[in-house]
Amino acid sequence: MTNNLFLIRAAVAAGATVVAVAEFALLHSAAGVDLAVRSGSSTRQVTVGAVIVAAAVAALAGWALLAVLERRTDRSRVWWTSTAVAVLLLSLVVGPPSGVGGGAKATLALLHLSVGVILIVGLLRPRRGGTHR
């Protein structure tokens, strides 16, 4: 991986995390959305730390998968995009419905969508010479 591509992908990963934290701050702190999720029979608050960890783990996992696919197949872009979209859709089915209340569900959906879209679009930057594999 070229140094430039590494920096672009690192910026995308960091950017997705920053966007998630900004959304959390605006919706939780400024708009007063109580961000709580059900976990089994208990309810737990979603903290800014959890948002940072979730966004960073998603970014690094997506980046790692893309790097592996780029080394193993000429159709890495197609495989990665379809896998990333499937994971995003799955996260929308599993994540937001666990929110307690309409505001929490909407906020969780927004967090999942924004991080997912930033990663899907941003990590697929051109490789050498502007071409994709």
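1. Let's start with Ala54, which sits in helix H2 of this predicted model. Its relative accessibility is 47%, so Ala54 counts as partly exposed. If you follow the chain 13 residues on to Ala67, the C-alpha atoms of the two alanines turn out to be separated by 20 Å. Ala67 is one of the buried residues of H2, whereas Ala54 is partly exposed.

2. Now for the helix that holds them. H2 covers residues 48-72 and has 25 residues. From first C-alpha to last, H2 reaches 36 Å, close to the 36 Å expected at 1.5 Å a residue. Its buried residues are Val51, Ala55, Ala59, Gly62, Trp63, Leu66, Ala67, Leu69 and Glu70. You may like to keep the helical repeat in mind here: an α-helix has 3.6 residues a turn, so residues three or four places apart point the same way. What do the buried residues of H2 pack against? Their partners are H1, helix H3 (76-94) and helix H4 (102-123).

3. A step back to the whole chain may help with orientation. The chain has four helices and two strands, and from the N terminus on the elements run α-β-β-α-α-α. Along its principal axes, the C-alpha trace spans about 50 × 25 × 15 Å. Of the 133 residues in the chain, 34% are buried. Taking contacts between residues at least 6 apart in sequence, 68% join residues at least 24 apart.

4. Helix H1 deserves a look next. H1 runs over residues 3-30, and its 28 residues should span 40 Å at 1.5 Å a residue; the end C-alpha atoms are 39 Å apart, which agrees. Buried in H1 are Leu5, Arg9, Val12, Ala13, Ala16, Thr17, Ala20, Glu23 and Phe24. These buried residues pack against H2 and H4. After H1 comes Gly32, with a positive phi near 75°.

5. Here is a residue I would point out to a colleague: Arg9, in helix H1. Is Arg9 buried or exposed? Its relative accessibility is 0%, so Arg9 counts as buried. The side chain of Arg9 makes a polar contact of 2.7 Å with the side chain of Glu70. Glu70 is itself among the buried residues of H2.

6. On to the aromatic rings. How many aromatic pairs are there? The count comes to one aromatic pair. Its members are Phe6 and Trp63, whose ring centres are 5.4 Å apart and whose planes stand at 50°, so the pair is tilted. Phe6 belongs to H1 and Trp63 to H2, so the pair ties together parts that are 57 residues apart in sequence. Phe6 counts as partly exposed, at 40% relative accessibility, while Trp63 is buried, with a relative accessible area of 11%.

7. Next, the nonpolar interior. As general background, nonpolar side chains tend to be buried together in soluble globular proteins. In this model the largest nonpolar core has 25 residues, of which Leu35, Trp80, Leu119 and Leu123 touch the most other members. Which elements give two or more residues to this core? They are H1, H2, H3 and H4. H4 supplies the largest share, seven residues.

8. Leu123 is a good place to zoom in on that core. Leaving aside neighbours within four places in sequence, Leu123 is in contact with Arg9, Val12, Ala59, Gly62, Trp63, Leu66, Trp80 and Ile118. Several names from the earlier points come back here: Arg9 and Val12 are buried residues of H1, and Ala59, Gly62, Trp63 and Leu66 are buried residues of H2.

9. The strands are worth a short stop too. Strand E1 (residues 36-39) pairs with strand E2 (residues 42-45) in the antiparallel sense, over four bridges. Val37 stands opposite Arg44 in E2. The hairpin of E1 and E2 has two residues between the strands, and Gly40 takes a positive phi near 70° there.

10. Last comes Leu90, which lies in helix H3. Is Leu90 buried or exposed? Its relative accessible area is 53%, so Leu90 is exposed. Leu60 is 30 residues from Leu90 in sequence, and the two are 18 Å apart in space, C-alpha to C-alpha.

Conventions
Residues numbered from 1 in each chain as written. Predicted model: local features only at pLDDT ≥ 70, side-chain atom pairs only at ≥ 80, totals over all residues. Heavy atoms only, no water. Phe/Tyr/Trp six-rings, centres within 6.5 Å; stacked < 30°, edge-to-face > 60°. Buried < 20%, exposed > 50% of the residue type's maximum accessible area, 1.4 Å probe, protein only. Expected span 1.5 Å × (residues − 1). Contact = heavy atoms within 4.5 Å. Polar contact = N/O pair within 3.5 Å; in protein donor to acceptor, adjacent residues only side chain to side chain. Core = buried A, V, L, I, M, F, W, Y, C linked by side-chain atoms within 4.5 Å. Pairing = 2+ DSSP bridges.
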